[in-house]
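Welcome! Here is a short briefing to read with the sequence and the 3D view open. Take it one topic at a time and find each residue as you go.

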Amino acid sequence: MATRTRQREASGDPRIGDIAAVDLDASAKRLELLPELVQSMGATLPLERPALATRINEVVIAMRAPGHEAEESELLLELLSTKVLNDQLDSEGRSCRKEIVETLMACGFPHALQLDPDDVRFMRNWRDQQPVEADDDELTPWELKLRTDRNRGGLVMVAGQSLAFVLGLRVLLNLPSLSAMLGVGATWLAGAIAGTVLAVLRPRDLNIAVYGAIVTMLALVGLGAAIAVGDWHFALAPAGLMLGLFVSLMRMFEPRADPRKPGDWDYSDDGPNWWFFDV
């Protein structure tokens, strides 16, 4: 790798020493690490991107030390031209775009001259923003995406239990023992509660894997009760539970807008992987 090293004058940035020692190995590692971090940004959940942006800014700031200036500048200019990080803030409220511009200016002649005037103007006018505390009552984007499906799924569950109760009430009252009546009634009530929980509880507060296992077991109990009683009306309750669970999850299996590609953490040569986390 062709490089040119430098001894830099005092930058005034407390994060960089007045005279930094040349460390070509560290510079080469930063050149490898930065593209990897930027590439992973697209596959990162929105809530986790500020933390990743903090790591990116740390690498960008470290590039102000002497090293492979030409290669570093070329990489940073490419990031500015693609605008992939222009709107990204880190967890401290710092702009990735602003940190990149400052690093290019620290690289000096001739690299700083290649900066677009709009980027320089942006850096001069920028003021670091304090991280905005998320409102605990405000749904995050991924929760909003799930809320509609979970509302529908919960409604289907409650409707199934209600229909089973209305159509099977006569049979329920004629069961031979009080314990059988209470057992079947408790199963219907538990199913209605499960549907209500799915529709009302915040997505982040509901572990869908555990919830799905509980609903499946409840449906199996309801199916056993329907078989024991010998009335098909009773089967509407477990059917409503399983249909509601499917409705709440079905869009998780839709193809992603950005298909997985080699290098993604969940990419497989054997074909697509289905994850409950693709929401």
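In this predicted model, the side chains of Glu99 and Lys98 form a salt bridge, with 3.5 Å from N to O. Glu99 has a relative accessible area of 0%, so it counts as buried, the cut-off being under 20%. Lys98 is buried too, because its relative accessible area of 10% falls under 20%. Through salt bridges that share partners, Arg64, Lys98, Glu99 and Glu102 become one network.

**Salt bridges**

- How many salt bridges does a search of the whole structure find? The search finds ten.
- Glu99 also meets Arg64 through a salt bridge between their side chains, at 2.7 Å from N to O. This pair links distant parts of the chain, 35 residues apart: Arg64 sits in the loop between α2 and α3, while Glu99 belongs to helix α4.
- Are Arg64 and Glu99 buried or exposed? Both of them are buried.
- Another salt bridge joins the side chains of Glu92 and Arg94, with an N to O distance of 3.7 Å.
- Glu92 has a relative accessibility of 46%, which lies between 20% and 50%, so Glu92 counts as partly exposed.
- Its partner Arg94 is buried, because a relative accessible area of 9% is under 20%.

**Helix α2 and what covers it**

- Helix α2 runs over residues 49–62, which makes 14 residues. From its first C-alpha to its last it reaches 20 Å, close to the 20 Å expected at 1.5 Å a residue.
- Which residues of α2 are buried? They are Leu52, Ala53, Thr54, Ile56, Asn57, Val59, Val60 and Ile61.
- Look around those buried residues and you will find that their cover includes α1, α3 (69–82) and α4 (96–107).

**Two residues to find in the helices**

- Ala26 is part of helix α1, which spans residues 24–41. With a relative accessible area of 23%, Ala26 is partly exposed, because that value is not under 20% and not over 50%.
- Try finding His68 as well: it comes 42 residues from Ala26 along the chain, and the C-alpha atoms of the two are separated by 9.6 Å.
- Ser73 is located in helix α3. Its relative accessibility is 1%, so Ser73 counts as buried under the 20% cut-off.
- Which residues does Ser73 touch, leaving out those up to four places away in sequence? Its contacts are Leu104, Cys107 and His111.

**Cavities**

- The structure has two cavities of 30 Å³ or more. The second largest cavity has a volume of about 30 Å³.
- To find the second largest cavity, look for its lining: Val184, Thr187, Trp188, Gly222, Ala225, Ala226 and Phe234.
- Two helices, α7 (178–200) and α8 (208–229), each provide at least two residues of this lining.
- What classes of residue make up the lining of the second largest cavity? Five are nonpolar, two are polar and none is charged.

Notes: Residues numbered from 1 in each chain as written. Predicted model: local features only at pLDDT ≥ 70, side-chain atom pairs only at ≥ 80, totals over all residues. Heavy atoms only, no water. Helix = DSSP H or I, 4+ residues; strand = E, 2+ residues; numbered from the N terminus. Buried < 20%, exposed > 50% of the residue type's maximum accessible area, 1.4 Å probe, protein only. Expected span 1.5 Å × (residues − 1). Contact = heavy atoms within 4.5 Å. Salt bridge = Lys/Arg side-chain N within 4 Å of Asp/Glu carboxyl O. 1 Å grid on protein atoms, 1.4 Å probe; cavity = no way out; pocket = protein on both sides within 12 Å on 5 of 7 lines; lining within 4 Å. Points joined across faces, edges and corners; volume = space filled by probe spheres on them. Nonpolar A, V, L, I, M, F, W, Y, C, P; charged D, E, K, R; others polar.
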